[in-house]
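The following exercises concern a two-part question: how the parts of a chain meet, and how a metal site is built. Please work through each task with the sequence and the model at hand before reading its solution.

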Amino acid sequence: MTPVRECSRKLQDLKAALGSARRVLILTHDNPDPDCVASAMAFKLIFEHMDREAVVGSGGELGRSENRTLQQILSLGIRPLHELTLSEFDFFLFVDTQPGSGNNSAQLPLNARYGIVDHHILGEAWPHAPVFLDLRENYGATATVAYEYLQARNVKVDVPLATALYYAIRTETSDMGRGASKADRAAYLKLHPKIDWDLLHQIVNSRLPLDYFIMMKEAVERAQRFGHAIVVDLGPTRHPDFVAELADSFRRLEEIHWVLVWGWREDRVVFSIRNNLHEPHVGRLARELVKDCGSAGGHRHMAGGQVPAAAGGLDQARLLFRRAIVPAFLRAVGESAQDGIFLTQEAEGR
Ligand SMILES: [Mn+2]
């Protein structure tokens, strides 16, 4: 069966799961990336096509500038969760994320009926199992799944949405090089003739805030190499998106197999892990690292998570991360915590 035909079946399941629900809240990451933004837009249209009212909500903000540009292009008003009354919704759909995956802070009402459309490893069902689940770990992008639903439902994909989905698949798979499946390639090629190249240029080349460059400088100064691993203790970070973006950048450093970037916000430590190797699975590693103190999720080559400040406050969470999580990460990737050298020192020694 073709993926789109299979999706028609999934659509029936989704409709059944919706039942009489009228108001749907689509939940994104706290800092949604292009894959999440484009997928959320697609499902908003799908729900509207089903005569449901759909709102997209996020527990955080759009940090990366290309994500803000993307949201504007799509005219997608992502609402902050604290402005919404969650009990007014009768169905929730997590898109490109899951409850308790560490990248969304949505606290659903306890009796909430919810669904998940995602391509990350499946976490624990919380607080109870979803009534709808479409999880495709073998897919490179949730946007590919979303596009299949749009096609199965015969929803018209306009130029901005086609461009957004295309960009999402492209970035999420590092231009089809990282974890891209046959389905991702098929969606990519199908979207290709529908996109607006000027719009794409606008997204790709969106301007960056000065904060970004200041943070780059700090990150380089704070980066330590442990053999083939880089650990960056970024300190306070205003934009959690930057943590992921930095991890992506350091991953390209010569001879580096592993990257851990971490920093903190008011109430939690946030982190991203990347690797250039096939094993171990980064998503599972991240989850293992914080299983007793936080939450995490991810894929084979990239993961993210957080450690919330518990009773001991943020200082304790930071201390825990520095003294326990970072050494545990280094052990897991086979590097010694004793061998750290700052990249700036290394550069001076040349
Ligand atoms: Mn994704």
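**Exercise 1. Identify the kind of contact that joins the side chains of R268 and D30, and give its distance.**

Solution. The side chains of R268 and D30 form a salt bridge, with 3.8 Å from N to O. The term requires a side-chain nitrogen of Lys or Arg within 4 Å of a carboxyl oxygen of Asp or Glu. Between domain 1 and domain 2 the count is two salt bridges. The model is predicted: local features need pLDDT of at least 70, side-chain atom pairs count only at pLDDT 80 or more, and totals for chains, interfaces and linings use all residues. Residues are numbered from 1 along each chain as its sequence is written, and side-chain values use heavy atoms, with hydrogens and water left out.

**Exercise 2. Describe the interface of domain 1 and domain 2.**

Solution. Begin with the bounds: domain 1 covers 3–203 and domain 2 covers 210–348, as given by an automatic or database domain assignment. Their C-alpha centres lie 27 Å apart. Next, count the residues in contact (heavy atoms within 4.5 Å): domain 1 supplies 19 and domain 2 supplies 24.

Then take the area. The two domains bury about 1600 Å² between them, and carbon and sulfur atoms give 42% of this. Buried area is the accessible area (1.4 Å probe) that two parts lose on being put together, summed over both. On the side of domain 1, R64, I121 and R178 lose the most area to domain 2, together 40% of what that side buries.

**Exercise 3. Name the protein donors of the manganese ion and place D35 and D96 in the chain.**

Solution. First, list the donors (N, O and S atoms within 2.8 Å of the metal, or 3.2 Å for Na, K and Ca; water is not among the atoms, so sites may look incomplete). They are D35 (OD), D96 (OD), H119 (NE2) and E172 (OE), at 2.1 to 2.3 Å from the manganese ion. Their spacing along the chain is D-x60-D-x22-H-x52-E. Finally, D35 belongs to helix α2 (residues 34–49) and D96 to the loop between β4 (91–95) and β5 (114–118), so the pair ties together parts 61 residues apart in sequence. Helices (H or I, at least four residues) and strands (E, at least two) are DSSP runs, numbered from the N terminus.

**Exercise 4. Where is P280 found, and what is the peptide bond from E279 to P280?**

Solution. P280 sits in the loop between β10 (268–275) and α10 (282–289). The bond from E279 to P280 is cis, with omega near -10 degrees.
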